[in-house]
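Here are some notes to read with the model open beside you. Take them one at a time, and find each residue on screen before moving on.

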Amino acid sequence: MNSLSYVSLAIYFIAMLAIGLFAYRKSTDDVSGYILGGRQVSPHVTALSAGASDMSGWMLMGLPGAMFLVGFETLYIALGLLIGALINYLVVAPKLRVYTEVADNALTIPEFFAKRFGQADNSIRIIAAAIIVIFFTLYTSAGLVAGGKLFESAFGLNYDIGLVVTLAVVVSYTLLGGFLAVSLTDFVQGCIMFVALVLVPFVAYQEFTSADRMMNFAYQSIPHFTDAMQNVTLLGLISSLSWGLGYFGQPHIIVRFMAIRSVADIKTARRIGISWMTVTIIGALATGLVGIAYANKFGMKLSDPETIFIVFSELLFHPLISGFLLAAILAAIMSTISSQLLVSSSSLTEDIYRTLSKKQASEQEMVKMGRYGVAGVAIVATLLALDRSNSILSLVSNAWAGFGAAFGPLVLFSLYKANLTHKAAIAGIISGALTVLFWIYTPVLADGKALSSLVYEMIPGFVVSSTVIYLVSKFDNDPCAKTTKQFHQASRVLAEES
């Protein structure tokens with residue numbers, strides 16, 4: 001790799017650390033500032049930080065790799081994600097922003113659940129926090145796998161060294177600046193990702209004289225578009241589209257809605273966020289499609305399809321630009337890792353540490369414990385990521401389904417059903433998470449495979465959780481009077497602010 005590329009990467013690293021130092025001076029004196037940026041985040045930063053933390057390394061590596069391997073069937077995943085993200089902005093964002101503040105200024109999703117049901121024993125808070133830590137540790141390891149592959153493929157470094165470098169930078173600015181640092185770096189990283197995902201497929205396409213010529217080469221490896229659309233099974237279609245259901249339960253995404261400046265700003269954030277997401281997803285899919293044609297035209301052998309973006313960055317661009325494009329991959333990886341580390345840390349400190357031990361701990365002590373939490377989760381995720389055979393998209397899909405099924409139905413019921421009960425909420429979380437784990441890991445089919453080989457685990461998990469919440473709440477029918485009043489207060493505030 002040319003030295004100019006290293007210059008680009010060095011500039012990027014320095015910029016991220018500088019943002020961390022800036023945020024450290026601005027917003028980490030109290031827990032609210034460290035966890036939610038004081039609920040004063042602008043719509044522009046909210047939109048791009050939500051998008052960047054959502055898409056992560058799978059946007060530049062996993063999604064192009066999936067298109068490279070299976071072709072146009074990947075379009076359904078992209079469509080499901082776009083629809084899910086839009087509904088999330090419309091249905092969840094406004095109510096969650098208001099309700100979490102009305103519910104005694106809840107700072108985390110588990111804390112919101114606890115205050116939503118007026119539970120002094122905090123059992124639901126601890127259960128939800130434990131699920132967040134478990135699934136986010138898995139999710140974070142996916143980002144670290146992407147970082148390790150990047151450094152191995154692009155820089156010729158050992159995979160394990162790549163893990164350490166990725167971890168060191170992202171943990172540094174997350175430890176320093178908390179939510180504000182994560183949001184500001186995500187904003188910058190989102191801009192970098194946008195430019196990269198427009199630039200790479202456009203330049204690669206210039207290697208072909210026409211679109212027809214490019215597609216002729218692509219069809220040597222993947223089914224024709226019409227065949228792919230006709231041959232997809234109903235279960236395959238539902239599984240791909242169901243990715244969109246996951247948005248309602250992703251803590252690192254919906255926490256952005258809790259931190260935005262006001263309900264009125266959500267409309268602006270939605271327009272920016274969905275526009276950004278549409279362009280970047282098209283760019284990622286186009287990178288994979290042009291990559292297939294390019295590999296066939298020039299006889300290029302690619303041992304790992306998830307590295308096609310990296311290969312294009314090195315082959316087609318000046319070293320200085322190549323460094324910028326590789327920084328885009330790091331940006332995607334780090335934006336998600338930092339968000340996941342912060343949410344995991346928040347759950348460990350606010351929802352577990354404060355609840356079980358020192359309820360009267362000072363603000364400074366809680367911030368310090370939050371930083372310890374970041375480091376702890378990062379270490380465990382690194383140990384999991386040492387297995388380099390893990391697929392980035394596979395790890396992400398498992399964690400995405402886990403959160404979507406465990407929290408998605410409960411978030412929706414909590415925001416839209418006034419007389420929801422505490423027992424129903426706990427039953428919904430546990431049943432959703434267990435269904436996903438059973439679907440992924442239990443070899444119940446005749447060939448020893450798990451049920452996830454037939455249908456994406458998100459679907460049964462989401463359906464089971466929703467059904468359990470509805471039935472238990474109906475037969476339990478013992479909602480907390482205080483929180484029912486709180487629910488109606490949140491509805492009135494939302495109507496006024498809208």
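1. Start with Asp54, which sits in helix 3, residues 43-70. This is a predicted model, by the way, so read every value here as computed. Is Asp54 buried or exposed? Its relative accessibility is 4%, and buried means under 20%, so Asp54 counts as buried.

2. Now look at what surrounds that aspartate. If you skip the neighbours within four places in sequence, Asp54 is in contact with Tyr139, Tyr247, His252, Ile253, Met277, Thr336 and Trp400. You can also try a C-alpha to C-alpha check: Asp54 and Ala332 are 278 residues apart in sequence, yet 9.0 Å apart in space.

3. Zoom out for a moment. How many helices and strands does the protein have? The count is 19 helices and zero strands. The protein has 498 residues, and 60% of them are buried. Take the contacts with a separation of 6 or more: 85% of those join residues 24 or more positions apart.

4. Next, find Trp276 in helix 12, which covers residues 264-298. Trp276 has a relative accessible area of 5%, so it is buried. Leaving out neighbours within four places in sequence, Trp276 is in contact with Leu48, Gly51, Ala52, Met55, Gly190, Met193 and Phe194. Pick Met193 from that list and look at the C-alpha atoms: Trp276 and Met193 are 83 residues apart along the chain, with 9.6 Å between those atoms.

5. Thr140 is another one to click on, this time in helix 6, residues 123-155. With a relative accessibility of 0%, Thr140 counts as buried. What lies 2.7 Å from a polar atom of the Thr140 side chain? That would be the backbone oxygen of Phe136. Setting aside neighbours within four places in sequence, Thr140 also has contacts with Ile337, Gln340, Leu341 and Ala381.

6. Time for some helix packing. Two packed helices are described by the angle between their axes and the distance between the axes. Try it on helix 4 (residues 74-102) and helix 11 (residues 251-259): their axes come within 7 Å and cross at roughly 55°. Helix 4 and helix 11 are therefore oblique to each other, and helix 4 passes helix 11 in a right-handed crossing.

7. Which residues make that contact? From helix 4 you have Asn88, Tyr89, Val92, Ala93, Leu96, Arg97 and Thr100, and they meet Ile253, Ile254, Phe257 and Met258 of helix 11. Sorted by class, the residues in this contact of helix 4 with helix 11 are eight nonpolar, two polar and one charged. You have met Ile253 already, as one of the contacts of Asp54.

8. Helix 4 has a second partner worth a look, helix 10 (residues 234-241). The axes of helix 4 and helix 10 come within 7 Å and cross at roughly 40°, so this pair is oblique too. Here Tyr76, Ile77, Leu79 and Gly80 in helix 4 meet Leu237, Ser240 and Leu241 in helix 10. The contact of helix 4 with helix 10 has five nonpolar residues, two polar ones and no charged ones.

9. Follow the chain out of helix 4 and check the backbone angles. Asp104 is in the loop between helix 4 and helix 5, and its phi is near 55°, a positive value in a residue other than glycine. Asn105 is in the loop between helix 4 and helix 5 as well, and it has a positive phi of about 55° although it is not a glycine. Are they covered up? Asp104 is partly exposed, with a relative accessible area of 46%, and Asn105 counts as partly exposed at 31%.

10. Last stop, helix 5, residues 109-116. Thr108 caps the N-terminal end of helix 5, with a side-chain oxygen 3.1 Å from the backbone nitrogen of Glu111. Helix 5 is mostly covered, as seven of its eight residues are buried. The buried ones are Ile109, Pro110, Glu111, Phe112, Phe113, Ala114 and Arg116. Just after helix 5 comes Gly118, which takes a positive phi of about 60°.

Technical notes:
Residues numbered from 1 in each chain as written. Predicted model: local features only at pLDDT ≥ 70, side-chain atom pairs only at ≥ 80, totals over all residues. Heavy atoms only, no water. Axes fitted to C-alpha atoms, helices over the stretch in contact; angles between N-to-C directions. Helix = DSSP H or I, 4+ residues; strand = E, 2+ residues; numbered from the N terminus. Parallel < 35°, antiparallel > 145°, perpendicular 65-115°, else oblique. Left-handed = near helix turned anticlockwise from the far one by under 90°. Contact = heavy atoms within 4.5 Å. Nonpolar A, V, L, I, M, F, W, Y, C, P; charged D, E, K, R; others polar. Buried < 20%, exposed > 50% of the residue type's maximum accessible area, 1.4 Å probe, protein only. Polar contact = N/O pair within 3.5 Å; in protein donor to acceptor, adjacent residues only side chain to side chain.
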